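Work through the exercises below with the structure open. Try each task before reading its solution.

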Amino acid sequence: AFVVDTLYGVLVWGMALSGEFGRYPDIYRPAADQTAYLPLMLTGTLVGLVFATWIYAKGYEGGSGLTEGLRFGVLMGLFLGAYNSAVNYGVMRIGKKMALTYAGGWLGEWILVGIVIGLVYQPAAGAVRRAAGV
């Protein structure tokens, strides 16, 4: 999941959307300055994905890895996309387009990450299949 998330970050956030971030120079660091912060960013991503995998395992319902991972990724993407894009729009001087870009970007990122987690995850022997209660 870390590798997929990092590749997504480079391709989507770092390359495809760099022009959009460039529209807000008072908020975002220039690309040349980001290298110094890369180790911290990657460490944070790794730690976050460890916790995301733990959350996945706690909600695992016993289905196929693809289905479970897709469900998890969609839910995480909708949660993080809605929450973070609304907060960023409220506290940063970004436009609605950038806020929606965040929402869509996080949804896509978490769908991929969720699928990878689902395909790699192996439940403990003797794990009981259950349905999540709502």
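**Exercise 1. Surface and overall build**

Task: State how much area the chain exposes and what share carbon and sulfur atoms supply. Then describe the fold and its extent.

Solution.
- Step 1. The chain exposes about 8,600 Å², and 70% of this comes from carbon and sulfur atoms. The model is predicted.
- Step 2. Count the secondary structure: there are six helices and zero strands. The order along the sequence is α-α-α-α-α-α.
- Step 3. Box the C-alpha atoms along the principal axes. The result is roughly 55 × 30 × 20 Å.
- Step 4. Turn to the interior. Of the 134 residues in the chain, 28% are buried.
- Step 5. Take the contacts with a separation of 6 or more. Residues 24 or more positions apart account for 75% of them.

**Exercise 2. A nonpolar patch**

Task: Which residues form a nonpolar patch on the surface, and what is their accessible area together?

Solution.
- Step 1. The patch consists of V3, L7, V10, L11 and M15.
- Step 2. Together they have about 500 Å² of accessible area.
- Step 3. Place one member: L11 lies in helix α1, residues 2-16.

**Exercise 3. Charges and salt bridges**

Task: How far apart are the mean positions of the positive and negative charges? How many salt bridges does the structure hold?

Solution.
- Step 1. The chain has 9 positive and 7 negative charges, and their mean positions are 6 Å apart.
- Step 2. The structure holds four salt bridges.
- Step 3. One of them joins the side chains of E20 and R23, at 2.8 Å from N to O. Is E20 buried or exposed? E20 is buried, because its relative accessible area of 9% is under the 20% cut-off.
- Step 4. Extend the view from this pair. E20, R23 and K97 are linked in a network of salt bridges.

**Exercise 4. The partners of R71**

Task: Find the salt bridges that R71 makes with E61 and with E68. Compare where the partners sit.

Solution.
- Step 1. R71 and E61 meet through their side chains at 3.8 Å, N to O. This pair links distant parts of the chain: R71 is in helix α5 (residues 65-91), while E61 is in the loop between α4 (38-59) and α5, ten residues apart.
- Step 2. R71 also bridges to E68, with the closest N and O atoms 2.7 Å apart. E68 and R71 are three residues apart in helix α5, so about one helical turn separates them.
- Step 3. Check exposure. R71 is partly exposed at 32% relative accessibility, and E61 is partly exposed at 21%. E68 is buried, with a relative accessible area of 5%.

How values were computed
Residues are numbered from 1 along each chain as its sequence is written. This is a predicted model: local features need pLDDT of at least 70, side-chain atom pairs count only at pLDDT 80 or more; totals for chains, interfaces and linings use all residues. Side-chain values use heavy atoms; hydrogens and water are left out. Helices (H or I, at least four residues) and strands (E, at least two) are DSSP runs, numbered from the N terminus. Buried means under 20% relative accessible area, exposed over 50%, partly exposed in between (1.4 Å probe, protein chains only). Contact means heavy atoms within 4.5 Å. Accessible areas come from the Shrake-Rupley method with a 1.4 Å probe; for residues, only the protein chains shown count as cover. Lys and Arg count as positive and Asp and Glu as negative; His and the chain ends are not counted. The place of a charge is taken as NZ of Lys, CZ of Arg, CG of Asp or CD of Glu. Patches are made of residues with over 30% relative accessible area and no salt bridge: like charges are joined within 9 Å, nonpolar side chains (Val, Leu, Ile, Met, Phe, Trp, Tyr) within 5 Å.
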